[in-house]
Amino acid sequence: MSAPLTLSGLFIYPVKSLGGYAVPEAEVTARGLRYDRRWLLVDERNRFMTQRQQPELALLTVAPAYNGFLISHRQRPNLLPLYIPFEATPDRTLFVTVWDDILWAWRGTAEADEWLAEALGRPCRLVYMSDMVRRDVEPEFNPEGQLVSFADGYPFLLVGEAALADLNTRLAQPVPMNRFRPNLVFSGGEAYEDDRWEQFEIGGLPFRAVRGCGRCVLTTIDQTTAQKSPVGDPLRTLATYRKVENSTLFGQNVTGPGHGRLRVGDAVTVLHAK
């Protein structure tokens with residue numbers, strides 16, 4: 001008999017495509033975990049920046065601080081950490097582009113923009129998503145009218161520990177969970193059993209597994225060094241057994257209840273599976 005399903009990890013990424021950190025518990029909001037991906041870096045054209053085009057973003061680590069977080073550069077200890085509050089002051093706005101969405105956002109401070117430009121060696125701006133901004137999950141998969149932050153498309157990303165363990169048996173160099181940037185990690189069960197999940201609960205809160213998460217080149221970037229894998233792993237290996245049509249799947253895109261609280265150790269209960 002396999003071990004019971006349990007929420008074994010909760011992760012928040014305050015700035016899209018920068019480092020994240022584990023928390024023992026987290027508040028659930030209409031857009032995902034509170035504080036998750038509410039900040040975003042944009043380039044000179046106000047288009048979103050990610051590790052896909054800027055792998056050096058992996059070198060910017062994020063750590064919790066009082067009412068906010070600290071951004072540090074892994075390879076530049078002389079650059080003092082940058083403090084960012086969890087929420088921005090609504091004094092300046094601009095329109096930004098995330099994939100096909102054009103949204104308005106609050107500007108961060110000029111000091112933050114200068115620090116980040118120095119850290120990355122290029123002009124950029126830090127912007128914040130207000131609660132007044134409406135960004136919907138993909139309409140064809142969103143009968144409940146769910147919202148999302150600056151995350152790629154869904155408020156939560158779920159990955160099973162057994163799936164990562166199985167993948168690592170196939171790799172010459174095992175990879176850690178941070179390659180896949182999940183919000184929700186569960187232990188127990190079989191590898192990839194979440195492929196069959198539809199409705200499930202965590203700590204009594206209802207969630208829905210909407211679709212498998214199609215993976216990209218970001219999974220090939222070492223989150224400690226910002227170096228890409230010379231052989232394209234783990235994406236190359238995943239594609240040999242996890243490819244469906246044009247997507248290489250690992251983990252689940254998930255929508256949630258819009259409110260509540262999650263704690264590491266909460267029971268995960270599958271209510272309906274395919």
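Is D152 buried, partly exposed or exposed? I began my notes on this predicted model with that residue. I found a relative accessibility of 36% for D152, so I entered D152 as partly exposed, since that class lies between 20% and 50%.

**Entry 1: the partner of D152**

I next looked up which residue pairs with D152. D152 forms a salt bridge with K16, and I noted 2.6 Å between the closest N and O atoms. I then placed both residues along the chain. D152 sits in the loop between β11 (125-128) and β12, while K16 sits in the loop between β1 (6-12) and β2 (21-22), so this salt bridge ties together parts that are 136 residues apart in sequence. For K16 I recorded a relative accessible area of 5%, which means that K16 is buried, as the cut-off for that class is under 20%.

**Entry 2: other salt bridges**

How many salt bridges does the count come to? I wrote down 17. I looked at further pairs among them. The side chain of R170 meets that of D166 in a salt bridge, with 3.0 Å from N to O. R170 has 43% relative accessibility and is therefore listed as partly exposed.

The side chains of R236 and D233 also form a salt bridge, again with N to O at 3.0 Å. I checked the accessibility of each partner. R236, at 47%, counts as partly exposed, whereas D233, at 11%, counts as buried. I also looked for salt bridges that share partners, and I found that such bridges join K16, R52 and D152 into one network.

**Entry 3: the largest pocket**

I then turned to the open space in the model. The largest pocket holds about 1,000 Å³ of space. Its lining is made up of 41 residues, and D152, G153, C213, G214 and N253 are the closest to the centre of the pocket. D152 thus returns in this entry, having already appeared as the salt-bridge partner of K16.

Which strand gives the largest share of the lining of the largest pocket? I noted β15, with 4 residues. At least two residues of the lining come from each of β10 (101-107), β12 (156-160), β15 (205-214) and β17 (247-255).

Finally, I sorted the lining of the largest pocket by residue class. I entered 16 charged, 15 nonpolar and 10 polar residues.

Note on methods
Residues numbered from 1 in each chain as written. Predicted model: local features only at pLDDT ≥ 70, side-chain atom pairs only at ≥ 80, totals over all residues. Heavy atoms only, no water. 1 Å grid on protein atoms, 1.4 Å probe; cavity = no way out; pocket = protein on both sides within 12 Å on 5 of 7 lines; lining within 4 Å. Points joined across faces, edges and corners; volume = space filled by probe spheres on them. Nonpolar A, V, L, I, M, F, W, Y, C, P; charged D, E, K, R; others polar. Salt bridge = Lys/Arg side-chain N within 4 Å of Asp/Glu carboxyl O. Buried < 20%, exposed > 50% of the residue type's maximum accessible area, 1.4 Å probe, protein only.
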